[in-house]
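Dear colleague,

Here is the structure I promised to pass on to you, and below it I have written down what I found when I went through it. Please keep it open beside this message while you read.

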Amino acid sequence: MIIERLEGSVFAKMVLMGANHLTNHAKQIDALNVFPVPDGDTGTNMNLSMTSGANEVKQTDDAVLGDVAQAFSKGLLMGARGNSGVILSQLFRGFAKSLEHKEAAAPEELAEAFENGVKTAYKAVMKPVEGTILTVAKDAANKAVEVAKHEKDIAALMDAVLKEAKESLKRTPELLSVLKEVGVVDSGGQGLVTIYEGFAAALKGKELPEADVVNDMEELVNAQHHQIAQDFMDTSEIEFGYCTEFMVKFDDQKLKDHPFDEEQFRNELSEHGNSLLVAADDEIAKVHIHVEYPGQVLTIGQQYGSLINMKIENMREQHTAIVGKKEEKQQQPQKKQPYGIVTVVMGQGVKSLFESLGATVVIEGGQTMNPSTQDIADAIQQANAEKVLILPNNKNIVMAAQQAAELADAEAAVVETKTIPQGISALLAFHPELALADNKQEMEQAGQQVKTGQVTYAVRDTKIDGVSIEKGHFMGIEDGKITSANPDKLETVEKLLQSMVTDEDEILTIIYGEDVDKQEVEKLQSYVEKHFEDIELEIHEGNQPIYAYIIAVE
């Protein structure tokens with residue numbers, strides 16, 4: 001049957017199937033990240049972003065295409081995580097704008113929407129790079145415009161879009177040399193292709209494999225959520241606002257340092273929220289819990305392995321949607337402070353360090369758990385200030401931070417810090433008497449003066465920038481570039497210091513992670529005192545996951 005016009009109800013099915021299909025393949029997309037570091041999370045970011053968009057679509061029963069597209073765009077925007085999630089949100093922001101007020105869309109109108117989405121996404125990226133999700137989206141949209149001139153069937157048009165997206169994805173290594181060197185296609189582009197596969201399948205009534213997540217625990221979860229909806233409790237009574245579900249795939253290496261005990265695991269999680277359910281076997285642990293700070297329980301889970309099948313939902317927003325009205329503020333608004341500083345970090349020690357330097361609100365996130373646009377927007381509001389500066393401390397959070405700043409009621413700006421050391425230097429340069437723009441400029445300049453080093457482990461064998469890397473070996477990373485790989489952690493950090501520290505440098509700051517013991521720190525301190533006699537050394541316990549050492553040299 002030919003579909004001559006795309007209606008809202010059909011587009012809703014496309015979105016839901018695209019989101020489901022992406023969920024099923026998020027792990028494989030994560031594996032395509034070029035760097036073999038354990039924080040490659042494009043699939044996770046896109047999945048969480050897409051899930052947010054799909055959940056917003058579920059809340060509307062409107063059959064008007066423009067309204068459904070707008071709901072999808074809103075959900076994507078507020079749930080956007082990481083650069084890939086932000087770009088995805090921009091693609092469908094322009095897409096929705098093109099379909100605004102339309103009851104349904106003919107093939108040419110749908111093609112125009114794809115094209116407008118690409119234009120919006122390119123404008124959102126300061127320095128667009130070809131060979132990425134942007135290229136795949138652009139090539140697919142161009143094909144849509146070409147085919148729509150003679151094709152009257154929406155399903156056939158989507159098939160053509162999908163086919164061209166796949167071909168464009170295959171070409172990404174030719175456009176981006178680092179992809180060719182490592183032997184992979186672009187991970188963000190693969191995520192978009194996966195979404196388009198779901199779109200095409202929905203139009204043809206084709207079923208794609210469901211995610212293997214149905215179990216007894218989830219049936220209990222669904223029952224609990226149903227009860228909340230039926231009780232119509234007041235939103236302000238929800239003590240723990242985020243329904244957090246995830247699975248931990250056990251890692252033998254991590255289990256050597258942190259043996260898994262289900263009862264102890266359950267007790268540790270229970271300190272952070274309620275409605276806790278834990279089910280574990282020899283390979284995985286499945287968790288459901290209502291918490292106020294999801295990042296804290298995810299960090300606990302990461303002690304034992306890798307996180308998969310994560311889902312975080314804001315129950316306060318769900319509840320107000322069910323009740324059908326916005327929550328009214330019960331408290332009198334507090335007087336706003338002149339300045340607030342919002343920053344993103346991982347690790348309790350790093351968090352305490354930033355708080356001691358004057359951060360108003362610290363979001364626990366980054367690396368494997370990038371905060372969404374909504375998370376950052378909430379933090380801006382929590383800062384309760386007339387002017388707010390946002391320090392992402394991670395290049396993959398900058399775009400989400402910029403979106404949050406645009407949405408904020410307060411005057412907000414992003415200080416584009418891309419590492420923890422840059423964030424520390426920027427924070428030290430903050431001056432409460434300066435205007436927002438002047439502070440942003442001064443802090444960014446300060447951040448650029450510091451050199452950043454990181455030590456982490458490789459998640460796969462590869463060769464990049466002339467360095468051969470074996471899975472499980474430690475890597476020295478200097479200002480984003482992998483410079484060495486070694487099976488010994490201490491030798492790796494020593495070699496990294498030899499490369500980074502010069503006679504002109506005055507201060508060396510070392511922040512050690514959760515997997516580093518005191519004896520190793522003492523050895524490293526002795527090494528520094530012996531080989532870099534004139535440098536001032538500061539050592540902090542950061543408790544950060546993934547990165548054994550974070551180093552700042554200035």
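Setting aside the neighbours within four places in sequence, S73 is in contact with F92, R93 and A96. S73 itself sits in helix α3, which covers residues 65-79, and because its relative accessible area is 6%, under the 20% limit, S73 counts as buried. Please bear in mind throughout that this is a predicted model.

The next helix pair to look at is α4 (residues 82-98) and α5 (residues 107-124), whose axes come within 7 Å and cross at roughly 135°. An angle of that kind falls neither over 145 degrees nor in the range from 65 to 115, and α4 and α5 are therefore oblique to each other. Their crossing is right-handed, and the residues that meet there include I87, L91 and F95 from α4, and L110, F114 and V118 from α5. Sorted by class, this contact of α4 with α5 holds nine nonpolar, six polar and two charged residues.

A second pair is formed by α1 (residues 8-30) and α9 (residues 187-203), where the axes come within 7 Å and cross at roughly 140°, so that α1 and α9 are likewise oblique to each other. The crossing of α1 and α9 is right-handed; among the residues that meet are V15, G18 and L22 in α1, and I195, G198 and F199 in α9. The residues of this contact divide into eleven nonpolar, eight polar and two charged.

Which residues touch the most other members of the largest nonpolar core? In that core of 86 residues they are F11, M50 and Y196. If you follow M50 and leave aside its neighbours within four places in sequence, you will find it in contact with V15, G18, A19, L22, F72, L76, L88, I195 and F199. Apart from this core lies another, of 33 residues, among them A359, I420, I424 and A426. In soluble globular proteins, nonpolar side chains tend to be buried together.

Finally, is Y304 buried or exposed? Y304 lies in the loop between α13 (294-302) and β6 (305-314), and because its relative accessibility is 4%, it counts as buried. Leaving aside neighbours within four places in sequence, the contacts of Y304 include V248, F250, L255, P259 and F265. Y304 and F265 are 39 residues apart along the chain, and their C-alpha atoms are separated by 9.9 Å.

With best wishes

Note on methods. Residues numbered from 1 in each chain as written. Predicted model: local features only at pLDDT ≥ 70, side-chain atom pairs only at ≥ 80, totals over all residues. Heavy atoms only, no water. Core = buried A, V, L, I, M, F, W, Y, C linked by side-chain atoms within 4.5 Å. Buried < 20%, exposed > 50% of the residue type's maximum accessible area, 1.4 Å probe, protein only. Contact = heavy atoms within 4.5 Å. Axes fitted to C-alpha atoms, helices over the stretch in contact; angles between N-to-C directions. Helix = DSSP H or I, 4+ residues; strand = E, 2+ residues; numbered from the N terminus. Parallel < 35°, antiparallel > 145°, perpendicular 65-115°, else oblique. Left-handed = near helix turned anticlockwise from the far one by under 90°. Nonpolar A, V, L, I, M, F, W, Y, C, P; charged D, E, K, R; others polar.
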